Amino acid sequence: MASTENSFKLEEEYLLHMYKRMPIEISHGEGVYLFSKEGKKYLDFFSGLAVNALGYGNKKIISAIEEQIKKYIHLSNYYINLPQIKLAEKLIRYSWLSKVFFTNSGTEAVEASLKLVRKAFGPDKKIISFSNAFHGRTYGSLSISGKEKYKKLFAPLLSNTLQLKFNDVEELKNSVNKNTAAVYLEFIQGEGGIQVASHQFVKKLFELREEYGFIIIADEVQSGIGRTGKAFAFNHFNVKPDVIVLAKAIGGGLPLGALITNEKYAEVLQYGDHGSTFGGNPVACAAGLAVLETIFENGLVNEVEILGNYFKSELVLTAQKYSSIINEVRGIGFMLGVEMRNPCSEIVKEFMKNGLLVNCTNDNVIRILPPLISTKEHIDYFINIFKTTLDKNSL
Ligand SMILES: Cc1ncc(COP(=O)(O)O)c(C=O)c1O
């Protein structure tokens, strides 16, 4: 067996240097835990960046995959495939929208939605999104993302896009008008540092839609599928977007994304307007079906709501104790962020040494995305180690 050090050397040699890896090598996962090659156990509260909603080794996902691969792994979208239809039916049931198009990823779902917007509203009307938003890395989704550092080296980007300040009601009122085609919103920004949209901001946005008739697209790639204790983050606001884009958890760990539209926009994209060789892969859809059934039909989503409240209150207490290093706790359900007063990439490595996996986003926000199967015991364990690590780092 090659040593971890050797694996890093080989990766350096053979792979483009696109990702800064954490300094461990994982051998396998089990439930909410990951194990390193050396046998060390980690509580994984990052969940493969919100993908592994049911943790590792989930039996329902594994048997759904096994059953499907025996039938066919791939067919091409020239043929109808039952797992796609079944999953679409469930997504419509839980979103209350109308029709689904499957992709392989979040960024591709956003691309599909951008084509829908351009076809429905023409080339000149503006597509609006917000500061610190993250919608993906391909050209269209990058164009509407809010972080300059990801965009500045890749101009020219899509024209007729505009970024407004997140949660700034006045700027929204003054900028949205009859020339607005679409507004993209993460009701809870993930990459942007677990920033929750204010109720006032969301209310104004939906009032403006009534006035000007633009389309509201909810980016639920990170926040969807029960992560916040409701089916989608927008459910916390009692509003209904026209379109949702999804990915991450819906494929049970396999690459899958989706665009869901309401009735009004369901006929915009027609035969030949868009497509994908792999989008809606039957194995990924079969796995996704197992995920949705477990989250929505076995009461897991309600657990997330209750435990999410508990987890947040424990983090708030922790923040009070360590106010010299913690600025704020934010988020809903199992999508939580602890904003530190200083950059957090080093402290996240300290957590790792102590057996906790979390992530540092937006420079100083510890992003916590537990698997939805986490229990109160896991949360208590997390808080315990979290405090011990902070103790050493707040001296
Ligand atoms: C809110 C949001 N939108 C879009 C994306 C892009 O998804 P993907 O990485 O699957 O392309 C992400 C990825 O983190 C995301 O968090």
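Phe45 is buried in this predicted model, and Phe382 is likewise buried. For Phe382 the assignment follows from a relative accessibility of 0%, a value that counts as buried because the category takes in residues under 20% relative accessible area. The two residues form an aromatic pair of the stacked kind, with 5.0 Å from centre to centre and 15 degrees between the planes of the rings. This pair links distant parts of the chain, since Phe45 belongs to the loop between β3 (41-44) and α2 (47-50), whereas Phe382 belongs to helix α13 (residues 376-393), and 337 residues separate them.

Phe382 takes part in a further stacked pair, in which its partner is Phe386, and here the centres of the rings are 5.3 Å apart while the planes meet at 20 degrees. Both Phe382 and Phe386 are found in helix α13, where a spacing of four residues corresponds to about one turn of the helix. Phe386 has a relative accessible area of 1% and is therefore buried as well. Phe45, Phe382 and Phe386 are joined by Phe311 and Phe351 in one aromatic cluster. A search of the whole structure gives 14 aromatic pairs, and the pairs Phe45 with Phe382 and Phe382 with Phe386 are among them.

Charged side chains are also placed over aromatic rings. Lys41 lies over the face of Tyr33, at a distance of 4.2 Å from the ring centre. In a second arrangement, Arg137 lies over the face of Tyr150, where the distance from the ring centre is given as 4.2 Å.

Attention may next be turned to the ligand. The residues that surround the ligand are Ser105, Gly106, Thr107, Phe134, His135, Gly136, Glu186, Asp219, Val221, Gln222 and Lys248. When this shell is sorted by class, it comprises two nonpolar, six polar and three charged residues. Within the shell, a backbone N or O atom of Gly106 is placed 2.8 Å from an oxygen atom of the ligand, and for Thr107 a backbone N or O atom is likewise found 2.8 Å from an oxygen atom of the ligand. Gln222 contributes through its side chain, one polar atom of which lies 2.8 Å from a ligand oxygen atom. On its own the ligand has 390 Å² of accessible area, and 84% of this area is covered by the protein.

Some features of the backbone remain to be described. Most peptide bonds are trans, and most residues other than glycine have a negative phi. Against this background, the peptide bond that runs from Ala155 to Pro156 is cis, with an omega near 0 degrees. Pro156 is situated in the loop between α7 (148-151) and β6 (161-164).

Positive phi angles occur at Ser76 and at Asp363, as described in turn below. Ser76, although it is not a glycine, has a positive phi of about 90 degrees, and this residue is placed in the loop that runs between α3 (59-71) and α4 (82-95). Asp363, which is not a glycine either, has a positive phi of about 75 degrees and is located in the loop between β16 (359-361) and β17 (365-368). With a relative accessible area of 56%, Asp363 is classed as exposed, because that category requires a value over 50%.

Conventions:
Residues numbered from 1 in each chain as written. Predicted model: local features only at pLDDT ≥ 70, side-chain atom pairs only at ≥ 80, totals over all residues. Heavy atoms only, no water. Phe/Tyr/Trp six-rings, centres within 6.5 Å; stacked < 30°, edge-to-face > 60°. Helix = DSSP H or I, 4+ residues; strand = E, 2+ residues; numbered from the N terminus. Buried < 20%, exposed > 50% of the residue type's maximum accessible area, 1.4 Å probe, protein only. Lys NZ or Arg CZ within 6 Å of the ring centre and 35° of its normal. Near = heavy atom within 4 Å. Polar contact = N/O pair within 3.5 Å; in protein donor to acceptor, adjacent residues only side chain to side chain. Areas by Shrake-Rupley, 256 points an atom, 1.4 Å probe, with all protein chains shown as cover. Nonpolar A, V, L, I, M, F, W, Y, C, P; charged D, E, K, R; others polar.
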